[in-house]
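Q: Please take a close look at one part of this model: its charged side chains and the helix some of them belong to. Go through the pairings, the burial and the surface charge in turn.

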Amino acid sequence: MTLKDLYIRVKDSTGLEVLTVSDMYTMYQNCAADLTSRGYREFAELTYTANEEDEHTFEKVTDNKYVLTLFPTAKKVLYIKIKTSLGIIKAYRRPLTDPYIDSLASGNSTRYNFSAHNNIQAIYYIKNNVCYVEYVQNVVAEEITVGLYKRIDSNIVPTSFDYLDPESGETITSTDVYQTAILETIELPIREELQDVFTLFGIYYSYNKRLKEEAMINRHLNNYKYLVEDLLHELNYEDVYNEEESVIATDNLDS
């Protein structure tokens, strides 16, 4: 879905012809912020390696301490697994108030003191968007897998864009990011099931800004909220899902 697709759906639904490019930016960003505040999240699993040519890489501090950078839209880390020659080990998260973080000197670096946690082989902790992963033994990490929730990326305004001039037929690079031609060049970073959510929010946003009719505004706000509640219900169901044990009766079955 491009920003132009969203523009057309909102414009045709409301009949309002006064939506600007600035309106579309604000509409999208406000909806993304509202979804995040209501608890919407998306799962992602990233694999970090030492290969600089890969998309996600980690930096080796020592043979048992590694640093990796989380992307800006990362919301909550769910798990971290370290793949080594000895196998795969799960790392346990430690709070920054843990007194054993950086409590042992290791050359020019510091490391976690595992002596207080004999049953833990690996830990991780996060400072800002930087994640530190430590292993109790001196082994080489081959891969570090990070499972996390991410929020919707609201940074959709580019610094420039290319469009085709209808008169000359030439491709032109413009820095006027409020020009209407930019709408069809911005692909929204959202899942397909969220297209209706952003459309309903856009209808509410447009009526709220232009018409100020309370009954109509509330009706469309409720339409948006009900759809979001359905999405969140499904997400929450997946988070707490437990397969129930079932008993299959075999009496009176035909042989």
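**Salt bridges and helix α2**

A: There are twelve salt bridges in the structure. The model is a predicted one. Helix α2 is a good place to start.

Helix α2 covers residues 21-37, which makes 17 residues. At 1.5 Å a residue, the expected span is 24 Å. The end C-alpha atoms are 24 Å apart, so the helix agrees with that expectation.

Next, burial along α2. Val 21, Asp 23, Met 24, Tyr 25, Met 27 and Tyr 28 are among the buried residues of α2. Cys 31, Ala 32, Asp 34 and Leu 35 are buried as well. An α-helix has 3.6 residues a turn, so residues three or four places apart point the same way. Two acidic residues are in the buried set: Asp 23 and Asp 34. Buried here means under 20% relative accessible area.

Both of these aspartates have partners. Asp 23 is linked with Lys 209 and Arg 210 in a network of salt bridges. Asp 34 pairs with Arg 38, and the closest N and O atoms are 2.6 Å apart. Asp 34 is buried, whereas Arg 38 is partly exposed, at 34% relative accessibility. Just after α2 comes Gly 39, with a positive phi of about 105°.

Now the pairs elsewhere. Asp 102 forms a salt bridge with Lys 127, with 3.7 Å between the closest N and O atoms. Asp 102 sits in the loop between β5 (87-93) and β6 (104-106), while Lys 127 belongs to strand β8 (residues 122-127). The pair therefore ties together parts that are 25 residues apart in sequence. Asp 102 is partly exposed, with a relative accessible area of 28%. Lys 127 is also partly exposed, at 34%.

Arg 191 and Glu 193 make another salt bridge, their closest N and O atoms being 3.7 Å apart. Arg 191 counts as partly exposed, at 34% relative accessibility. Glu 193 is partly exposed too, with a relative accessible area of 39%.

Last, the surface charge. Glu 52, Glu 53, Asp 54 and Glu 55 gather in a negative patch on the surface. Patch members have no salt bridge. Glu 55 is placed in the loop between β1 (42-48) and β2 (58-62). Its relative accessible area is 71%, so Glu 55 counts as exposed. Contrast the acids of α2: Asp 23 and Asp 34 are buried.

Notes: Residues are numbered from 1 along each chain as its sequence is written. This is a predicted model: local features need pLDDT of at least 70, side-chain atom pairs count only at pLDDT 80 or more; totals for chains, interfaces and linings use all residues. Side-chain values use heavy atoms; hydrogens and water are left out. Patches are made of residues with over 30% relative accessible area and no salt bridge: like charges are joined within 9 Å, nonpolar side chains (Val, Leu, Ile, Met, Phe, Trp, Tyr) within 5 Å. Accessible areas come from the Shrake-Rupley method with a 1.4 Å probe; for residues, only the protein chains shown count as cover. A salt bridge is a side-chain nitrogen of Lys or Arg within 4 Å of a carboxyl oxygen of Asp or Glu. Lys and Arg count as positive and Asp and Glu as negative; His and the chain ends are not counted. The place of a charge is taken as NZ of Lys, CZ of Arg, CG of Asp or CD of Glu. Helices (H or I, at least four residues) and strands (E, at least two) are DSSP runs, numbered from the N terminus. Buried means under 20% relative accessible area, exposed over 50%, partly exposed in between (1.4 Å probe, protein chains only). The expected span of a helix is 1.5 Å times one less than its number of residues.
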